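Thanks for coming. I will talk through one structure today, and you can follow along on the screen.

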Amino acid sequence: MDNVFIYWDNSNIFHEAQRLAEEREEGDDARNRVRINFDNMLRLAHADRPLQNALAVGSVPPEMRQLWNRLEVKGVEVRLFDRGLGRGEQEVPDRLLQLQMLQDALDYNGTPGVVVLLTGDGAGYSEGAGFHSTLERMHKRGWQVEILSWAHSCNQRMRRWAEENGIFVALDDFYEAITFMEPSRPGFELARPRKSAELDLSLRPVRSR
């Protein structure tokens, strides 16, 4: 079984989960209460296959530090940035992920594995840059490619390429398991909290060599 290499852009995943929560959850403050279940998201990414390397980039609000610590305990390298980043500054964590992808492609050139990318960001492709271009470079060198993203926000060109050359996993199909809802804050319209559902990996496509 091939080893898995995970590259996780949590800002992209989380912000789009907020948009979906507004449609699926009760309460006017749904986007502010939704949270990512890091344990289930990580398991959805590696799908119980051997994990070789994993890098997650995200923001640094203090209330999330304990959640990030749980990922580190599971062997995920975590790099955090100021959550006030604008679009231009968001390129810094994006480029960090892409650099790690290329480094792994070189370091494991003789034993390519499965690259699992958690983002829907396909910007920069026309200039030969960005996640999509990096995935193509790795795929040409024997890497299997899987993209995990929300269906409504994934770059369509990148999604079509993944469906033709690897696997695209719509996070929407696992929404109840990879998110949970905190209760409304005092003074706001009350909405019930929601725990994450059990993750059913039988619904997750995995390609074997």
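The largest nonpolar core has 37 residues, and Ile6, Trp8, Leu71 and Leu118 are the ones that touch the most other members. Keep in mind that this is a predicted model. Take Leu71 from that group. What is Leu71 in contact with, leaving aside its neighbours within four places in sequence? The list is Trp8, Phe38, Leu42, Ala56, Val76 and Val78. There is also a second core, separate from this one, with 22 residues, including Phe5, Leu96, Leu135 and Cys154.

Now the sheet. Six strands form an open sheet, paired in parallel, in the order β4-β3-β1-β5-β6-β7. Its edge strands are β4, residues 77-81, and β7, residues 167-170, and each of them pairs on one side only. On average, neighbouring strands here are turned by 15 degrees against each other, ignoring direction. For one pairing in detail, look at β3, residues 51-59: five bridges join it to β4, and the two run parallel. Within that pairing, Gly58 stands opposite Leu80 of β4.

Next, what packs on the sheet. Helix α6 does, touching β1 (4-9), β5 (114-118) and β6 (144-149). The direction of α6 makes about 170 degrees with that of β5. How many of the eleven residues of α6 are buried? Eight are, so the helix, residues 130-140, is mostly covered; buried here means under 20% relative accessible area. The buried ones are Gly130, Phe131, His132, Ser133, Thr134, Leu135, Glu136 and Met138. You have met Leu135 already, as a member of the second core. After α6 comes Gly142, with a positive phi, near 100 degrees.

Two single residues to finish. The first on my list is Glu16, in helix α1, which covers residues 10-24. Is Glu16 buried or exposed? It counts as buried, because its relative accessibility is 14%. Not counting residues up to four places away in sequence, Glu16 touches Trp150, His152 and Ser153.

The other is Leu199, in the segment after β8, residues 179-181. Leu199 counts as buried too, because its relative accessibility is 7%. Setting aside neighbours within four places in sequence, Leu199 is in contact with Asn40, Arg43, Leu44, Phe174 and Ala177. Leu199 and Ile178 are 21 residues apart in sequence, and their C-alpha atoms are 7.6 Å apart in space.

That is my part done.

Conventions. Residues are numbered from 1 along each chain as its sequence is written. This is a predicted model: local features need pLDDT of at least 70, side-chain atom pairs count only at pLDDT 80 or more; totals for chains, interfaces and linings use all residues. Side-chain values use heavy atoms; hydrogens and water are left out. Helices (H or I, at least four residues) and strands (E, at least two) are DSSP runs, numbered from the N terminus. Buried means under 20% relative accessible area, exposed over 50%, partly exposed in between (1.4 Å probe, protein chains only). Contact means heavy atoms within 4.5 Å. A nonpolar core is a set of buried Ala, Val, Leu, Ile, Met, Phe, Trp, Tyr and Cys residues joined through side-chain atoms within 4.5 Å. Two strands pair if DSSP finds at least two bridges between them. Axes are lines fitted to C-alpha atoms, for helices over the stretch in contact, and angles run from 0 to 180 degrees between N-to-C directions.
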